[in-house]
Amino acid sequence: MKHARVIFEGREHTGTAHEFNGQADVAVRLGDGRVVPQDQLVWLPPLAPTARPRTILALGLNYADHAKELEFKAPEEPLVFVKGQSTLIGHRQLTHRPADVKFMHYECELAIVVGKTAKHVKRDDAYDFIGGYTVANDYAIRDYLENWYRPNLRVKNRDTCTPLGPWFVDAADVHNLPGGPMALELRTTVNGTVTQQGNTRDMIFDAPFLIEYFSRFMTLSPGDLILTGTPDGVVDCQPGDVVVTEIDGVGALVNTIAAR
Amino acid sequence: MTTSFLPTGTVYGTLLNFRAEAAALAPQMTEAPYKAPPKAPVLYVKTANTWSPHGSAIAVPASVPEVEVGASIGMVIGAEGDIEGFVLLNDLSIPHASFFRPPVKFKCVDGFLGIGPALRDAQDVADPAQFRVEVRINRELKQSIDFWQLVRPAPQLLADVGEFMTLAHGDVLMLGCDLGRPLARAGDRIDISAPGFETLSNTLVKEATA
């Protein structure tokens with residue numbers, strides 16, 4: 001099942017993906033049974049609020065081709081950074097590009113949503129701790145990159161710079177796909193032109209590895225997120241650009257760049 | 001039974017915000033891997049799994065002989081983006097020499113942030129630069145921290161961070177930890193105190209082996 005969290009007629013609703021005019025997933029069936037097309041909704045990150053702010057772990061350089069593109073050798077250990085919760089926005093929202101920056105790029109990423117409390121999880125059991133998946137677009141503003149705790153928060157923790165959604169897809173639905181979560185095609189289009197393509201099978205550190213790795217030193221809680229990194233093909237985005245980060249079986253996350 | 005303040009938002013730590021700390025690293029700042037002094041505040045996140053209320057025991061991983069005690073004060077953000085109050089913090093780290101990559105595995109270990117016990121109302125604080133924090137390990141004074149030594153005083157740090165991200169109501173922004181952070185090990189009791197604040201105490205214990 002694909003779940004959404006939306007605002008409709010001024011109220012927050014949860015709902016599930018629904019077909020509309022014969023097209024799958026273009027509408028949401030709200031909890032009260034009404035079916036509403038995508039464009040009439042304000043989309044929120046598809047995660048219920050938690051009592052404690054969720055932990056958002058993000059991977060840098062987790063695809064061999066992207067590591068090469070950025071002229072680094074593939075890391076021997078995950079390159080991990082943490083994001084604050086207030087950077088998240090929903091599907092079909094605006095992401096602000098500061099005036100005068102030269103290079104701001106999207107990053108299409110499979111996001112793992114932790115399903116239950118995880119500590120000292122073994123790789124073979126890791127999938128049991130995943131509650132679902134969604135799509136993240138983990139924007140970076142490269143002008144601000146400094147070599148202190150790189151990638152630093154000025155590059156990666158900006159308001160509106162982490163669109164998430166549209167759907168929270170139940171783990172079983174993704175695990176049952178041919179090849180499972182580690183064989184999903186990813187792509188990004190900018191104004192309809194494909195600029196980034198990859199496959200989750202090319203991750204250096206895959207989902208079970210990451211659950212095992214993190215849960216070795218930190219307890220993961222339901223709703224925590226792991227953004228698993230991005231493949232080759234990042235390009236600069238300008239105000240007005242419509243960026244769609246899409247992962248087969250998970251969803252197509254639409255986002256528009258706005259001047260700030 | 002202790003009731004202790006715990007944040008409702010994200011907790012951000014700040015590196016290099018004490019003059020002595022910045023001066024100690026200055027000779028390396030233009031060398032690899034840093035290549036330049038930082039222009040903006042250098043922040044890290046203390047994830048929610050690290051939060052330990054006042055009075056609680058904090059487990060030290062079996063693989064680590066000692067941890068670094070980073071005593072600090074956090075600004076708790078109010079509804080209008082103002083400072084609602086201040087809170088004592090015990091920002092523990094596994095000692096590490098490089099500040100090039102984010103310190104997640106050194107700083108986001110379960111329990112590695114002592115917090116509290118109580119929020120001190122911002123209205124009761126004339127000037128955060130007058131804060132003086134003392135760190136005691138097993139009742140012995142190990143460190144005194146004067147907050148007039150900040151590179152970016154509290155209002156400036158808040159403004160400079162606000163240049164690139166909005167701190168939400170309930171978020172906490174740490175003022176930084178000074179040079180000379182004491183080391184502690186399982187069995188030690190750490191007390192962090194400051195005039196006007198209730199003392200924050202935590203004990204370190206050995207990690208229970210699974």
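Two residues count as being in contact here when they have heavy atoms within 4.5 Å. By that yardstick, 31 residues of chain A touch 42 residues of chain B. Keep in mind that this is a predicted model. Here's a quick tour of how the two chains meet, how chain A is built, and what the UniProt record has to say about chain B.

**The A–B interface**

- Putting chain A and chain B together buries about 3,200 Å², and carbon and sulfur atoms give 59% of that area.
- On the chain A side, the residues that lose the most area to chain B are A:R52, A:W148 and A:Y149, which together make up 29% of what that side buries.
- The rule picks out 16 residue pairs in polar contact across the interface of chain A and chain B, with both residues at pLDDT 80 or more.
- Three elements of chain A each give two or more residues to the side that touches chain B: strand 7 (79-83), helix 2 (153-156) and helix 4 (207-217).
- Strand 7 of chain A supplies the largest share of that side, with four residues.
- Sorted by class, the side of chain A that touches chain B has 15 nonpolar, eight polar and eight charged residues.

**Salt bridges**

- Over all chains, the structure holds 24 salt bridges.
- Two salt bridges are found across the interface of chain A and chain B.
- If you want a pair to look at between the chains, try A:K119 and B:D110, whose side chains meet in a salt bridge at 3.0 Å, N to O.
- Within chain A, the side chains of A:E107 and A:K156 form a salt bridge at 3.1 Å, N to O.
- A:E107 sits in the loop between strand 10 (104-105) and strand 11 (108-114) of chain A, while A:K156 is in helix 2 of chain A, so this pair ties together parts that are 49 residues apart in sequence.

**Chain A as a whole**

- Chain A has four helices and 19 strands.
- Its radius of gyration is 17 Å, close to the 18 Å that the globule rule gives for 260 residues, so chain A is as compact as a globular protein of that length.
- Along its principal axes, the C-alpha trace of chain A spans about 50 × 45 × 35 Å.

**What the record says about chain B**

- An unreviewed UniProt entry annotates residues 10-204 of chain B as "domain: Fumarylacetoacetase-like C-terminal".
- In the model, that span of chain B is 12% helix and 37% strand, and its end C-alpha atoms lie 24 Å apart.

Conventions:
Residues are numbered from 1 along each chain as its sequence is written. Chains are lettered from A and ligands numbered from 1 in the order in which they are written. This is a predicted model: local features need pLDDT of at least 70, side-chain atom pairs count only at pLDDT 80 or more; totals for chains, interfaces and linings use all residues. Side-chain values use heavy atoms; hydrogens and water are left out. Buried area is the accessible area (1.4 Å probe) that two parts lose on being put together, summed over both. A salt bridge is a side-chain nitrogen of Lys or Arg within 4 Å of a carboxyl oxygen of Asp or Glu. A polar contact is a pair of N or O atoms within 3.5 Å; within protein, one must be able to donate a hydrogen and the other to accept it, and residues adjacent in sequence count only if both atoms are side-chain atoms. Ala, Val, Leu, Ile, Met, Phe, Trp, Tyr, Cys and Pro count as nonpolar, Asp, Glu, Lys and Arg as charged, and the others, Gly among them, as polar. UniProt positions are given in the numbering used here, feature names are shortened, and annotations may be inferred rather than shown by experiment. The radius of gyration is taken over C-alpha atoms; the globule rule is 2.2 Å times the number of residues to the power 0.38.
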